[in-house]
Amino acid sequence: MLNFVMKKLVQRQIKDMPKDQQEMIMNLIDENPELLKTISTEIQAKVKKGIDQQTAMMQVMMDHKDELQRAMMKYKK
């Protein structure tokens, strides 16, 4: 259920991106649900501590940069 909700939220956020990038992101969600759940949880924790959402997202993404890059390499053409 969480994965379905997350996918719908992400789809809404990336609707203006090129289709190939949208597909890559959706594949990342399908193939790496635990990583994305971890990232989401860490972002929420930072926001609760008073960090704005965009800053929190950037910090967490940098913390998981290597994992995200490895996952994305699978989908690059």
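This text follows a predicted model from a helix with one buried face to a nonpolar patch on the surface.

A convenient starting point is helix α3, which covers residues 33-48. Its 16 residues should span 22 Å at 1.5 Å a residue, and the C-alpha atoms at its ends are indeed 22 Å apart, so expectation and model agree. The buried residues of this helix are Leu35, Leu36, Ile39 and Ile43. Seen down the axis of α3, these buried residues fall within an arc of 95 degrees, and therefore they line one face of the helix. An α-helix has 3.6 residues a turn, so residues three or four places apart point the same way. On the other side of α3, by contrast, Glu34 and Lys48 are exposed, and just after the helix glycine 50 takes a positive phi of about 105 degrees.

Two of the buried residues of α3, Ile39 and Ile43, are also among the residues that valine 60 touches, together with Glu42 and Lys46, when residues up to four places away in sequence are not counted. Valine 60 itself lies in helix α4, which comprises residues 53-63, and it counts as buried because its relative accessibility is 0%, where the cut-off for buried is under 20%. From valine 60 to methionine 17 the separation is 43 residues in sequence and 22 Å in space, C-alpha to C-alpha.

Another valine has a different setting: valine 5 is found in helix α1, residues 2-13, and counts as partly exposed because its relative accessibility is 35%. Together with Phe4 and Leu9, Val5 forms a nonpolar patch on the surface, and the accessible area of the three residues together is about 270 Å².

Conventions: Residues are numbered from 1 along each chain as its sequence is written. This is a predicted model: local features need pLDDT of at least 70, side-chain atom pairs count only at pLDDT 80 or more; totals for chains, interfaces and linings use all residues. Side-chain values use heavy atoms; hydrogens and water are left out. Patches are made of residues with over 30% relative accessible area and no salt bridge: like charges are joined within 9 Å, nonpolar side chains (Val, Leu, Ile, Met, Phe, Trp, Tyr) within 5 Å. Accessible areas come from the Shrake-Rupley method with a 1.4 Å probe; for residues, only the protein chains shown count as cover. A salt bridge is a side-chain nitrogen of Lys or Arg within 4 Å of a carboxyl oxygen of Asp or Glu. Helices (H or I, at least four residues) and strands (E, at least two) are DSSP runs, numbered from the N terminus. Buried means under 20% relative accessible area, exposed over 50%, partly exposed in between (1.4 Å probe, protein chains only). Contact means heavy atoms within 4.5 Å. The expected span of a helix is 1.5 Å times one less than its number of residues. The arc is that of the directions from the helix axis to the C-beta atoms.
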